[in-house]
Amino acid sequence: MITEVLPEDLTYGLYEDNDFSIFVVVTASVGVAIDASKSDFRTDEMVSGTINAWIFVNGELTEEAFIQSMIKSSESILKAKLDVLDSVRGTSSDSFLIASSQTGKVLENAGTNHPLGKLISKAVYQCTTKAINNSQKRNKR
């Protein structure tokens with residue numbers, strides 16, 4: 001994965017539960033983000049931003065948990081965008097990475113009511129909000 005986001009806009013955090021942990025890295029550049037549903041109306045002056053989330057799980061994930069982890073990450077980034085930005089602005093190159101050590105506790109599910117889903121939602125939301133705020137502060141300078 002690659003990003004053009006400046007290092008100042010990167011955030012990361014280690015989040016722990018009883019039997020597993022996750023390390024989350026988020027980069028964000030949203031100062032010039034666009035609504036992806038209106039890309040036909042885009043002018044050459046508009047340049048899209050990007051949000052990238054990397055979630056490293058210290059545990060063994062099932063295929064179902066990998067897919068649910070992607071969903072939780074996406075939901076959390078959308079929530080952060082709604083809370084921080086005036087309106088939802090799409091970014092044309094958002095990306096997600098879910099990786100697992102495939103050792104340790106077996107995590108079969110990352111749904112909303114399961115520990116992995118809860119931890120991913122919290123971590124990605126917090127890191128994304130901080131990264132967006134970093135980007136906005138830098139763009140105002």
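**Exercise 1. Strand pairing**

Task: In what sense do β2 and β3 pair, and over how many bridges? Then place the two strands in their sheet.

Solution. Start with the pair itself. β2 and β3 run antiparallel to each other, and nine bridges join them. The model is a predicted one.

Step two: add the other strands. The sheet is open and has four strands, ordered β1-β2-β3-β5, with mixed pairing. Its edges are β1 (10–16) and β5 (95–100), each of which pairs on one side only. On average, neighbouring strands in this sheet are turned by 10 degrees against each other, direction ignored.

Step three: account for the word "mixed". β1 and β2 pair in the antiparallel sense over seven bridges. β3 and β5 pair in the parallel sense, over six bridges.

Step four: check the connection. β1 and β2 form a hairpin, and four residues lie between them.

Last, add the helix. α1 lies across β3 and β5, and runs at about 140 degrees to β5.

**Exercise 2. Reading across the sheet**

Task: Which residue of β3 stands opposite V24? Continue from there into β5, then list the contacts of V24.

Solution. Opposite V24 in β3 stands I55. From I55, step into β5: the residue opposite is I98.

Now take the contacts of V24, leaving aside its neighbours within four places in sequence. T11, Y12 and G13 are among them, as are W54 and I55. A123, V124 and C127 are also in contact with V24.

**Exercise 3. The nonpolar core**

Task: How many residues has the largest nonpolar core, and which have the most contacts inside it? Which element gives the most to it?

Solution. The largest nonpolar core has 26 residues. Those with the most contacts inside it are I22, V24, V26, I55, V57, L61 and L116. Two or more residues come from each of β2 (21–29), β3 (50–58), α1 (63–84) and α2 (115–140). The most come from α2, which gives eight.

**Exercise 4. The two faces of β1**

Task: Is L14 buried or exposed? Describe its face of the strand and its partners.

Solution. First, locate the residue: L14 belongs to strand β1. In a regular strand, side chains alternate between the two faces of the sheet. For β1, the covered face holds T11, G13 and Y15. The uncovered face holds L10, Y12, L14 and E16.

Next, test the surface. The relative accessible area of L14 is 53%. The cut-off for exposed is over 50%, so L14 is exposed.

Then find the partners. The bridge partner of L14 in β2 is F23, and F23 in turn stands opposite F56 in β3. L14 and F56 are 42 residues apart in sequence, yet their C-alpha atoms are 9.5 Å apart in space. Neighbours within four places aside, L14 is in contact with S21, I22 and F23.

**Exercise 5. Aromatic geometry**

Task: How many aromatic pairs does a search of the whole structure find? Characterise what it finds.

Solution. The search finds one aromatic pair. Two values are needed: such a pair is described by the distance of the centres and the angle of the planes. For Y12 and F23 these are 5.9 Å and 40 degrees, and the pair is tilted. The pair links distant parts of the chain, with Y12 in β1 and F23 in β2, eleven residues apart.

Compare accessibility. Y12 counts as exposed at 56%. F23 counts as partly exposed at 33%.

**Exercise 6. Salt bridges**

Task: How many salt bridges does a search of the whole structure find? Give the location of each.

Solution. The search finds two.

Take D19 and K105: their side chains meet at 3.2 Å, N to O. D19 is in the loop between β1 and β2 and K105 in the loop between β5 and β6, so the bridge ties together parts 86 residues apart in sequence. D19 is partly exposed at 49%, and K105 is partly exposed at 34%.

Now take E75 and K72, whose closest N and O atoms are 2.5 Å apart. Both lie in helix α1, three residues apart, about one turn of the helix. E75 is partly exposed at 42%, whereas K72 is buried at 7%.

**Exercise 7. A backbone angle**

Task: What is the phi of Q102, and where is Q102 found?

Solution. Most residues other than glycine have a negative phi. Q102 is not a glycine, yet its phi is positive, about 55 degrees. Q102 is found in the loop between β5 and β6 (106–107). Its relative accessible area is 35%, so Q102 is partly exposed.

Notes:
Residues are numbered from 1 along each chain as its sequence is written. This is a predicted model: local features need pLDDT of at least 70, side-chain atom pairs count only at pLDDT 80 or more; totals for chains, interfaces and linings use all residues. Side-chain values use heavy atoms; hydrogens and water are left out. A nonpolar core is a set of buried Ala, Val, Leu, Ile, Met, Phe, Trp, Tyr and Cys residues joined through side-chain atoms within 4.5 Å. Buried means under 20% relative accessible area, exposed over 50%, partly exposed in between (1.4 Å probe, protein chains only). Contact means heavy atoms within 4.5 Å. Two strands pair if DSSP finds at least two bridges between them. Axes are lines fitted to C-alpha atoms, for helices over the stretch in contact, and angles run from 0 to 180 degrees between N-to-C directions. Rings of Phe, Tyr and Trp (its six-membered ring) pair if their centres lie within 6.5 Å; planes under 30 degrees apart count as stacked, over 60 as edge-to-face and the rest as tilted. A salt bridge is a side-chain nitrogen of Lys or Arg within 4 Å of a carboxyl oxygen of Asp or Glu.
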